Structure formats: C-alpha cells, structure tokens
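Thanks for asking me to look this one over. Here are my notes, in the order I would walk through them with the viewer open.

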Amino acid sequence: MPLVDLNQILPQARAEGRAVCAFNVVNCETVTAVLQAAAREQRPVICQVFHRLFDTGKAHYVAALVRHLAEQTNLKIALHLDHGQSLDHVEKAIAYGFTSVMFDGSTLPYDENIKQTSLAVKLAHDAGLTIEGEVGHIPYTENDKTPLPSAKEVLHFAQQTSVDALAAAVGTSHGFYKTIPVIRTELAKEIGEMVSIPLVLHGGSDTPDDKVQQVIVSGFAKLNIATEFMAEYQYALRDQIKANGERFVPVDLLMDPVVDRISELASRKIRLASMSQAVH
Ligand SMILES: [Zn+2]
C-alpha cells in the first residue's frame, strides 16, 4: 500500500498504550530488514532517514527504495526525516516523497525553537506531511546536562507550534550509555497526562526494556532505534567476513545473514513497543 504519515499510525498506537518503532535506514539492507520485521510482526513501522543523508543526496534513493518495497506490502509504513536541521531539509523531504518530517530546533533558545518549528510546521502541513518537533534537548553525550523541560513547557510548545508529534527529553540520550541512565518515568507520566498528541522517545537504544515500557504507557507512541540497529549491522558484517576467511563471497550472499540478524533485532524492538499496556 502507499506510504502513510504519522497521523495514520501514532494516535491509534497511543490510544492502545503501544508505540510504533522508528528505525534509521541508510541502504538496501537496512530497509529490507525493517520491512521484513514489520511483515513478521504484522505491525506498522517508521523508516526514518537522518538529516546528514539529505546533504549528500543519499536520502533520495533510500526514499525510492522504501516507497517501492512498501507498495508491495499491506503494511502501514511511514517515511520520516530524522532530526531535520533546517527548512531546506524539510523542502528536500517534500521533494523526495517523504510523508513526514522532524524539525529539531532543540539547540535553539525555547522561544526561537517555537518560532522556527512553526515555520517548518506550515511548510510540512501545506505539502500534506506530518511533523515532529523536539522540546528540551535530547543529548548526544552523557556529559550534556541540558535541563529537562517541564510538563507545562511541553504542553505550551505543542499548543504554540501545532506539531503532530513531539519528542520530549525525559533522561534518555542518543547512542550507547557508559553509565546507567536515569530515565525520569514520573516526568514522562506527567507530560503524558497534560499533552494529548503522540510523544516521541529518542535514545531508545540501550535503554532498559522496563523503562522503555513505562515511558510508552505514558503516551510516547514513537520509539526511535538507531544506534543498536546500526551496531548490530556492523557486528553481523564483521562476523560474516571473519567466518568466510579468504574465501570470495558475492556481496548479496555475504549480506543475506546480516539482513536476517538486524531484522531479528528489529522484530524484538517491535514486540517490545507493541505490548499493549493498561491505558489510564
Ligand atoms: Zn534522536
């Protein structure tokens, strides 16, 4: 079926106390693995492309690949720009046939973030795309101690910008953790009680499963997985090359077990996010 946008999958997931997984895809193997996992689990999924790939043109071919494979399934698949940094990224996503974008103004002062995000919302909505914003910066290193937003700030940001989904910092960070993270599940609950649009959990990799589930039940209906997925790809490829030694193996055959392995990981994450929770 044709690609869907976030409004066709996230509100329902939130109402059911579930989340839809969003995996970062970069090439044929990653896209194939995600779609295979979605088919295995019979769940919707989001293929998202990091903003860097929009600066090199790679996002264009990845988009064509996702669209082509999604059209051959009966699954709800969304194609989303991850951490868009500028209106130029949003414009490129529209031109490449994405159904959704994220505008990340989280490094800007709060008021400027609202201003810039609102411009991106207009651009995206006028073109028929859904849009995710970010309030309170979700860090890339554990040394980044940007204060978490209050529930009131998250609500105010949602109302001022009219985003369709909102990433709110609740203590996770991007990448692998060096120390045990402090996930503020109470803050997540408070935000979920005040804000009715689907919320987004970034830094879902390497976060303990029970914490992820507690945050999901609070209304975080999109679970982003990038680092763990990418790392598994590299470990699987390394194992394949090691196992084959000096023997020549055509690349497509070399990659088949890699796809299987990352698809298994994607399935595990989809099952984790899909467990229906008691909705309150
Ligand atoms: Zn992120």
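The points below start with the overall fold and then go through some strands, helices and one loop residue.

1. First, a reminder that this is a predicted model. Its 8 strands close into a barrel, in the order β1-β2-β3-β4-β5-β6-β7-β8, and the pairing is parallel. From one strand to the next, the twist averages 25°.

2. A good place to begin is strand β3, residues 77–84. This strand is mostly covered, with 8 of its 8 residues buried. On one side, β3 is joined to strand β2 (residues 45–50) by 6 bridges, and the two run parallel. If you want a pair to click on, Ile46 has Ala78 in β3 as its bridge partner. Between these strands the chain passes through helix α3 (residues 58–71), and the β-α-β crossover is right-handed.

3. Leaving β3, the chain goes through helix α4 (residues 87–95) to reach β4, again as a right-handed β-α-β crossover. Strand β4 covers residues 100–103, runs parallel to β3 and is linked to β3 by 3 bridges. Here the pair to look for is His80 with its bridge partner Ser100 in β4.

4. Further along, β5 and β6 pair in the parallel sense over 4 bridges. Glu132 stands opposite Ala165 in β6. Together, β5, α6 and β6 make a right-handed β-α-β unit.

5. Is β6 covered on one face or on both? Both faces are covered. Ala165 and Ala167 lie on one side, Leu166 and Ala168 on the other, and all of them are buried. In a regular strand, side chains alternate between the two faces of the sheet.

6. On its way out of β6, the chain crosses through α7 to β7, and this β-α-β crossover is right-handed. Strand β7 (residues 199–201) runs parallel to β6, with 2 bridges joining them. Ala167 stands opposite Val200 in β7.

7. Helix α6 deserves a closer look. This helix spans residues 151–161 and packs on the sheet, where it touches β5 (130–135) and β6 (165–168). The direction of α6 makes about 145° with that of β5.

8. How do α6 and α7 pack together? Their angle is about 35° and their axes are 9 Å apart, with α7 taking in residues 185–194. The crossing of α6 past α7 is right-handed. From α6, the residues involved are Ala151, Val154 and Leu155, and they meet Leu187, Glu190, Ile191 and Met194 of α7. By class, that contact has 6 nonpolar residues, no polar ones and 1 charged.

9. Finally, please turn to Val170, in the loop between β6 and α7. Is Val170 buried or exposed? Val170 counts as buried because 29 other C-beta atoms lie within 10 Å, and the cut-off for that label is 20 or more. Setting aside residues up to four places away in sequence, Val170 touches Leu148, Ile183, Arg184, Leu187, Ala188 and Val215. Leu187 is also one of the α7 residues that meet α6. As for Ile138, this residue is 32 residues from Val170 in sequence, while the C-alpha to C-alpha separation is 8.0 Å.

Definitions and conventions:
Residues numbered from 1 in each chain as written. Predicted model: local features only at pLDDT ≥ 70, side-chain atom pairs only at ≥ 80, totals over all residues. Pairing = 2+ DSSP bridges. Axes fitted to C-alpha atoms, helices over the stretch in contact; angles between N-to-C directions. Contact = placed C-beta atoms within 7 Å. Left-handed = near helix turned anticlockwise from the far one by under 90°. Nonpolar A, V, L, I, M, F, W, Y, C, P; charged D, E, K, R; others polar. Buried ≥ 20, exposed ≤ 12 C-beta atoms within 10 Å, placed from the backbone. Right-handed = clockwise from strand over helix to strand, strands pointing away.
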